[in-house]
Amino acid sequence: MPSTVLVGAQWGDEGKGKITDLISSDYDYVVRFQGGNNAGHTVIADGKKLALRLTPSGVMNPACVPVIGNGVVVDPRVLAGEIDMLAENGISTEKLVISCDAHVIMPYHIALDGAQEMRLGKHEIGTTKNGIGPAYKDKAGRTGIRIQDLLDEKIFREKLETALEYKNQVLEKIYGLPTFTVDQILEEYLPYADLIRPHMAETAQLLNEALRADKNILFEGAQGTLLDIDHGTYPFVTSSSCCAGGAPTGSGVGPKAVTKVLGITKAYITRVGSGPFPTELKDETGELLGQVGGEFGVVTGRKRRCGWFDAVIARYAADVNSLTDIALTKLDVLSAVDTIKICVAYEADGVRYDYFPMQHSVLYPKNVTPIYEELPGWKGEDITACRSFEDLPANAQAYVQYLEEMIGVPMSIIAVGPDREQTIFRGWSSR
Ligand code: GDP
Ligand code: IMO
Ligand code: MG
């Protein structure tokens with residue numbers, strides 16, 4: 001019963017889409033288990049660059065069954081748009097399976113996401129404003145609407161009436177915003193039920209039967225470890241369990257089904273939105289990494305904050321996800337810099353932190369001093385054509401080996417460019 005959980009090991013956008021698409025040929029199912037269309041996973045096939053927000057990146061592989069698990073929050077408008085976009089690009093979504101238990105993002109979730117951010121003002125989280133937080137809040141509060149409810153008009157109407165009774169008061173009385181009527185939402189959402197109906201399934205059963213038949217499953221995480229609701233830099237996180245532990249709950253298989261955990265890390269770090277980022281570079285090196293790495297949000301177009309690789313975070317990610325392997329991405333981007341720094345520990349108030357600190361106040365710029373090791377770079381050497389570890393310049397090999405030593409997890413995949421072929425396999429196996 002083999003299966004692999006693939007997770008972001010930093011603050012998202014590590015290259016999960018590329019790696020999922022790349023290794024999906026070894027898997028029968030690719031499953032999204034959390035998050036929603038806050039994700040933007042880039043896949044490049046036949047020179048075409050596509051951004052997937054809800055559909056698992058395994059959709060690019062016709063042999064794979066893409067599954068949207070129960071832990072995902074689904075905006076049907078985005079789903080419909082994505083199905084159309086894929087069709088326009090010649091990619092079939094016929095095999096797409098959607099869990100009957102996944103929660104639905106409603107128009108009022110989106111309105112509330114924006115309103116809450118506005119209320120927070122300078123303390124805003126910097127959300128993608130897609131209604132993710134409010135939808136998960138309703139799920140935990142047991143007032144959410146699920147995919148199966150959407151497919152039963154009577155139940156959908158009843159649940160919507162109950163929800164709107166409260167939501168409209170919040171929208172109007174607290175935020176002074178327009179309200180919604182039941183009929184208005186029904187009119188828009190009921191046609192989506194027809195779109196979803198042929199795809200809906202009890203996905204827990206489907207996946208457990210697949211495991212019994214010795215099918216190989218890949219769980220595709222969205223966001224990243226430091227954005228996890230429990231293990232991230234709370235409150236500057238998303239509202240779901242992005243870590244490996246989220247895969248079993250978000251899909252309905254038991255933890256024993258997971259045999260490998262592949263963490264995706266960039267050779268440096270980026271972050272979008274607010275929140276602490278100890279190794280952030282607010283200088284020309286940060287600008288350079290952003291320029292060369294094309295660090296702009298796939299979904300929102302926002303400029304990503306850039307910084308040096310942080311081994312404290314990487315070790316923490318290795319622990320909280322039980323990483324068995326790491327895929328290091330964007331190593332090619334470091335060809336742009338002279339020497340490369342790696343944060344090996346933090347110092348705050350005279351105390352050294354080798355492990356992720358208990359109190360997150362340590363992580364803020366006014367308190368933290370990253371302790372760096374500096375390694376020589378390979379400036380100007382184009383490594384995008386390297387296909388084996390030995391092809392890499394000696395300093396690039398030394399950088400990878402140093403990171404492995406710092407983290408204690410093998411880097412069995414190294415990406416040296418956005419295309420599928422621009423990859424070095426170094427002992428990775430899906431089983
Ligand atoms: P995800 O959200 O983790 O799937 O990552 P994104 O798609 O948001 O961002 C990663 C970006 O880096 C995308 O534009 C990818 O095409 C690109 N990318 C992935 N791996 C590499 C790599 O090794 N080198 C370079 N230069 N770009 C990469
Ligand atoms: P992928 O899967 C990077 C960030 C937002 C914000 C915080 C909360 O492409 O790596 P939300 O809309 O989820 O309530 O926003 O989380 N965020 C991401 N950052 N990559 C993502 O997804 C993200 N999804 C959410 O910027 O800081
Ligand atoms: Mg992304």
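Q: Which atom of ligand 2 should I look at beside the side chain of Thr128, and how far away is it?
A: A polar contact is a pair of N or O atoms within 3.5 Å; within protein, one must be able to donate a hydrogen and the other to accept it, and residues adjacent in sequence count only if both atoms are side-chain atoms. Here an N or O atom in the Thr128 side chain is 2.6 Å from an oxygen atom of ligand 2. The backbone joins in too: an N or O atom of Gly40 lies 2.9 Å from a ligand 2 oxygen. This is a predicted model, where local features need pLDDT of at least 70 and side-chain atom pairs count only at pLDDT 80 or more. Residues are numbered from 1 along each chain, ligands from 1 in the order written, and side-chain values use heavy atoms, without hydrogens and water.

Q: Which protein donors hold the magnesium ion (ligand 3)?
A: Donors are N, O and S atoms within 2.8 Å of the metal (3.2 Å for Na, K and Ca); water is not among the atoms, so sites may look incomplete. For this ion they are Asp13 (OD) and Gly40 (O), 2.1 to 2.2 Å away.

Q: Is Gly40 buried or exposed?
A: Buried means under 20% relative accessible area, exposed over 50%, and partly exposed in between (1.4 Å probe, protein chains only). Gly40 is buried at 13%, while Asp13 is partly exposed at 21%.

Q: How many residues does the largest nonpolar core have?
A: Such a core is a set of buried Ala, Val, Leu, Ile, Met, Phe, Trp, Tyr and Cys residues joined through side-chain atoms within 4.5 Å. The largest one has 56 residues, with Phe309 and Leu392 among those making the most contacts inside it.
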